[in-house]
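Colleague: Before I rely on the labels attached to this model, I should like to hear the reasoning behind them. Please take me through them one at a time.

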Amino acid sequence: MSPYRNLEEYNLEITDEVKSRYSSIIDEIGEDVEREGLVKTPERAAKAMLFLTQGYKQDPVEILKGAMFKEAYDDMVIIKDIELYSLCEHHMLPFFGKAHIAYIPNGQIVGLSKIPRVVDVFARRLQVQERLTHDILECINDTLKPKGVAVVIEASHMCMMMRGVQKQNSVTTTSGFRGQFEKIETRNEFLKLISAKLS
């Protein structure tokens, strides 16, 4: 047996219920749910949906609190290019892109992996990009109580690319700033750093 196994666990009752709904949808759009290529699709789709919305069952505050450490460092900490994948709540189509997050510690730092995990918790819900930005910002601000927090998200939305206006190259940018990042010089330093290719 492998020394490490990454297992996905699903509530069977909920999975079966969602699977049944997907079977009905496939049938209603005129496909044959018994066709070889579709026999297992309702179950796969159910598991995918439960995976993509698992953020409802996760607590981002507890994630941050589980890795907070006292530290005298009080300069800007930036985690940029955090990949994110979410579902638009209007059409349940994906939107995806990157989050850039910074905070200025106020006596406490947080484990670096926890910031991307907080992004995932909020992204793995039915979302709009504006609220996603706000949720991440306020969670970090309220939990860490830093001197400042900044969040910028750049994302492409399949609801704009596949249907509707069908604009394949459009990117939506949202941002939020608290504390010292409300000062133009601090904000500009952050924006310059996330735009720079340092590596």
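**Reasoning behind the labels**

Modeller: The model is a predicted one. Let us begin with S156, a residue of strand β6.

Colleague: Why is S156 called buried or exposed, as the case may be?

Modeller: Buried means under 20% relative accessible area. S156 has a relative accessibility of 15%, and therefore counts as buried.

Colleague: Which residues does S156 touch, leaving aside those up to four places away in sequence?

Modeller: S156 is in contact with P94, F95 and F96, and also with M161, S170 and V171.

Colleague: How do you know how many disulfides there are?

Modeller: The rule requires two cysteine sulfur atoms within 2.5 Å, and the count by this rule is zero. For C88, the closest cysteine sulfur belongs to C159 and lies 4.1 Å away, so the pair is too far apart for a bond.

Colleague: What makes C88 and C139 buried?

Modeller: The cut-off is again under 20%. C88 has a relative accessible area of 5% and is therefore buried; C139, at 8%, counts as buried too.

Colleague: Which residues touch the most other members of the largest nonpolar core?

Modeller: That core has 30 residues, and the ones with the most contacts to other members are I101, I115, L132, I136, I140 and I153. Two or more residues each come from α3 (60-65), β2 (77-88), β3 (94-104), α4 (114-123), α5 (129-144) and β6 (148-157). I101, for example, touches I115, V119, I136, I140 and F190, among others beyond four places in sequence. Another core, of nine residues, lies apart from it and includes M76, A102, A150 and F177.

Colleague: How do you know that the length of α7 agrees with that of a helix of 12 residues?

Modeller: The expected span is 1.5 Å times one less than the number of residues. For the 12 residues of α7 (184-195) this gives 16 Å, and the end C-alpha atoms are 16 Å apart, so the two values agree.

Colleague: Why are the buried residues of α7 said to line one face?

Modeller: The residues concerned are T186, F190 and I194. Viewed down the helix axis, the buried residues of α7 fall within an arc of 65 degrees, and so they line one face. As a general matter, an α-helix has 3.6 residues a turn, so residues three or four places apart point the same way.

Colleague: What covers that buried side, and which exposed residues does the face turned away from it carry?

Modeller: The cover over the buried residues of α7 includes β2, β3, β6 and β7 (172-179). On the face turned away are the exposed residues I184, E185, K192 and S195.

Technical notes. Residues numbered from 1 in each chain as written. Predicted model: local features only at pLDDT ≥ 70, side-chain atom pairs only at ≥ 80, totals over all residues. Heavy atoms only, no water. Core = buried A, V, L, I, M, F, W, Y, C linked by side-chain atoms within 4.5 Å. Buried < 20%, exposed > 50% of the residue type's maximum accessible area, 1.4 Å probe, protein only. Helix = DSSP H or I, 4+ residues; strand = E, 2+ residues; numbered from the N terminus. Contact = heavy atoms within 4.5 Å. Arc of directions from axis to C-beta.
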